[in-house]
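Here are some exercises to work through with the model open beside you. Try each task before reading its solution.

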Amino acid sequence: GTTVMKLLFSLILVALLAYVAWPYYEVYRIDDALGKNDLTALSELADLEAIRNNYKDRLTKSMTRMTGPADTNSPMGWLQHNLTRLGDSALEQAITVEWLRDTLKQAAIRVSTQQTPYFIGSISFAFFESLDSFLIRLGRIDESPSYVRLQLRDKAWRITDIVE
């Protein structure tokens, strides 16, 4: 009885610890891919489509704040609609694995005090937002940091957003 319970408790504890450590290991893999300039490894650690969608959402929200809700019959609504369409193809061309590498490296350089800035060395905070979302902050909170969000997608942690 108690031996089985202890074993079960131990297995649950090991599984929980492994789950908690998993995104930290992915952060190490991101750092390694950046250090080696390995675009293939970096692309496997990212969901570029999700990054594009998150950028698009932020652009749409800021455009709506500036111009108001889109009324397709108004010139402003027409412009907003066409900018949104244009934005999709522009984001597809702009947000690439090379862009991801450069953005992550620049974010690390901007906040680092090291001679050779490493991604991991620039992290000031990294923890779960929820069971399937992990937030990384590069830089101190009072110094306009960059944020990198990992989300659990298809049984793997992937970079899904970068907020500068």
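**Exercise 1. Find which residues of the largest nonpolar core touch the most other members.**

Start with the membership rule: a nonpolar core is a set of buried Ala, Val, Leu, Ile, Met, Phe, Trp, Tyr and Cys residues joined through side-chain atoms within 4.5 Å. Buried means under 20% relative accessible area, exposed over 50%, and partly exposed in between, with a 1.4 Å probe and protein chains only. The largest such core has 28 residues, of which Ile30, Ile51, Leu100, Leu104 and Ile159 touch the most other members.

Next, see where the members come from. Two or more residues each are given by helix 1 (2-36), helix 3 (48-67), helix 5, strand 1, strand 2, strand 3 and strand 4. Helix 5 supplies the largest share, five residues. Here helices (H or I, at least four residues) and strands (E, at least two) are DSSP runs, numbered from the N terminus.

A word on the source: this is a predicted model, in which local features need pLDDT of at least 70 and side-chain atom pairs count only at pLDDT 80 or more, while totals for chains, interfaces and linings use all residues. Residues are numbered from 1 along each chain as its sequence is written, and side-chain values use heavy atoms, with hydrogens and water left out.

**Exercise 2. Work out the strand order of the open sheet and where helix 5 lies.**

First, the order of the four strands is 1-2-3-4, with antiparallel pairing; two strands pair if DSSP finds at least two bridges between them. Strand 1 (123-130) and strand 4 (156-163) are at the edges with a single partner strand each, so one side of each has no neighbour in the sheet.

Then look inside the sheet: strand 2 (residues 133-138) and strand 3 (residues 146-153) are joined by six bridges. Isoleucine 136 stands opposite valine 148 in strand 3.

Finally, helix 5 (residues 97-111) lies across strand 2, strand 3 and strand 4, at about 65° to strand 4. Axes are lines fitted to C-alpha atoms, for helices over the stretch in contact (heavy atoms within 4.5 Å), and angles run from 0 to 180 degrees between N-to-C directions.

**Exercise 3. Describe how the rings of phenylalanine 128 and tryptophan 157 are arranged.**

Rings of Phe, Tyr and Trp (its six-membered ring) pair if their centres lie within 6.5 Å; planes under 30 degrees apart count as stacked, over 60 as edge-to-face and the rest as tilted. For phenylalanine 128 and tryptophan 157, the centres are 5.9 Å apart and the planes at 70°, so this pair is edge-to-face. Phenylalanine 128 belongs to strand 1 and tryptophan 157 to strand 4, 29 residues apart. Both residues are buried.
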